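Welcome, and do take a moment to look at the sequence and the model before reading on. The report begins with one residue and then turns to a sheet.

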Amino acid sequence: MSSVGDLIKRSPVVASPADPIIKAVRLMADNNVGSAVLVDGSGRPVGIVTERDVIRGLARGARLEDPVESIATMGSLVTAGVKEDVYSALRKMRNRGIRHLVVVDEAGALRGVISMRDLLEDFVIKRLGERVWWPPPED
Amino acid sequence: MVAPAGGLKAGDLVRRPPVTITPQATLLEAVDRLVEHNIGALVVVRPEEPDAALAVISERDVVKALNMRMALSSPVEAFMSPGVISVEASEPVSRAAELMWRYNIRHLVVTKGGRLYGVISIRDLLRPESLKSLCRSQ
């Protein structure tokens, strides 16, 4: 129980890049999550929008009716594989300064999202702590 | 959980003074302040008592306010979550992790002698030095 796939608690909250910002806001608020994955017509992940993106967008003067892709991170998504170790996922978040990782399976299909909060769970902290004390050679 | 000897304390994770806002400030001012400081939460304080935390406004509170179609001119006090989950600076980092997990929050107010001292986030808890302390306390 120390791979990214074990941390996925729910099916991903998704929207389309052309949806208005308010739809992403509603999805995040109703599901009590901090991000929504933007998917194309065939369900492939093409972007992600977070609470922070919404707030930055507002500060820049975006309107809630604007397309969500205008404030989201599109393309070059930072992903984690379902079998990836949680410590590797944490390092990706830290290195990129992000809080959410899109989780994909071997075929690149969307499986879920994990956030920093998911890493606070006891068994995860234990695993992360072990890796910090005995980091792998690439560290 | 018992604090490990020499383990990090919650106060050790505080890296800067808290960024505050008053209950009468507007939602838009809160948005601007979050962005200006590149942070995820503000501490609400009254001007006459700047070291007494009344509430925390997080990005989630802002998103929920937007979802309720609150005007950007609404005062902070109209959408802040009342009450504060806090930890004393002298308590171990494991206590901070426990509170964030239990209350499902991303930011925790840190007090020193009961007075506002700073804010720590999940990101702070997941830094290598904190993880070492957290791991030893298990």
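Arg115(B) counts as partly exposed because its relative accessibility is 34%, where partly exposed lies between buried, under 20% relative accessible area, and exposed, over 50% (1.4 Å probe, protein chains only). This is a predicted model, in which local features need pLDDT of at least 70 and side-chain atom pairs count only at pLDDT 80 or more, while totals for chains, interfaces and linings use all residues. Residues are numbered from 1 along each chain as its sequence is written, chains are lettered from A and ligands numbered from 1 in the order in which they are written, and side-chain values use heavy atoms, with hydrogens and water left out.

Arg115(B) belongs to strand β7 of chain B, residues 115-121; strands here are DSSP runs (E, at least two residues), numbered from the N terminus. Leaving aside residues up to four places away in sequence, Arg115(B) touches Glu49(B), Asp51(B), Ala52(B) and Val110(B), a contact being heavy atoms within 4.5 Å.

Two distances from Arg115(B) sit side by side here:

| Partner | What is given | Distance |
|---|---|---|
| Glu49(B) | side chain to side chain, polar contact | 3.4 Å |
| Glu88(B) | C-alpha to C-alpha, 27 residues apart along the chain | 9.1 Å |

A polar contact is a pair of N or O atoms within 3.5 Å; within protein, one must be able to donate a hydrogen and the other to accept it, and residues adjacent in sequence count only if both atoms are side-chain atoms.

Now for the sheet: in chain B, four strands form an open, mixed sheet in the order β1-β2-β3-β4, where strands pair if DSSP finds at least two bridges between them. Its edge strands are β1 (20-21) and β4 (81-82) of chain B, each pairing on one side only.
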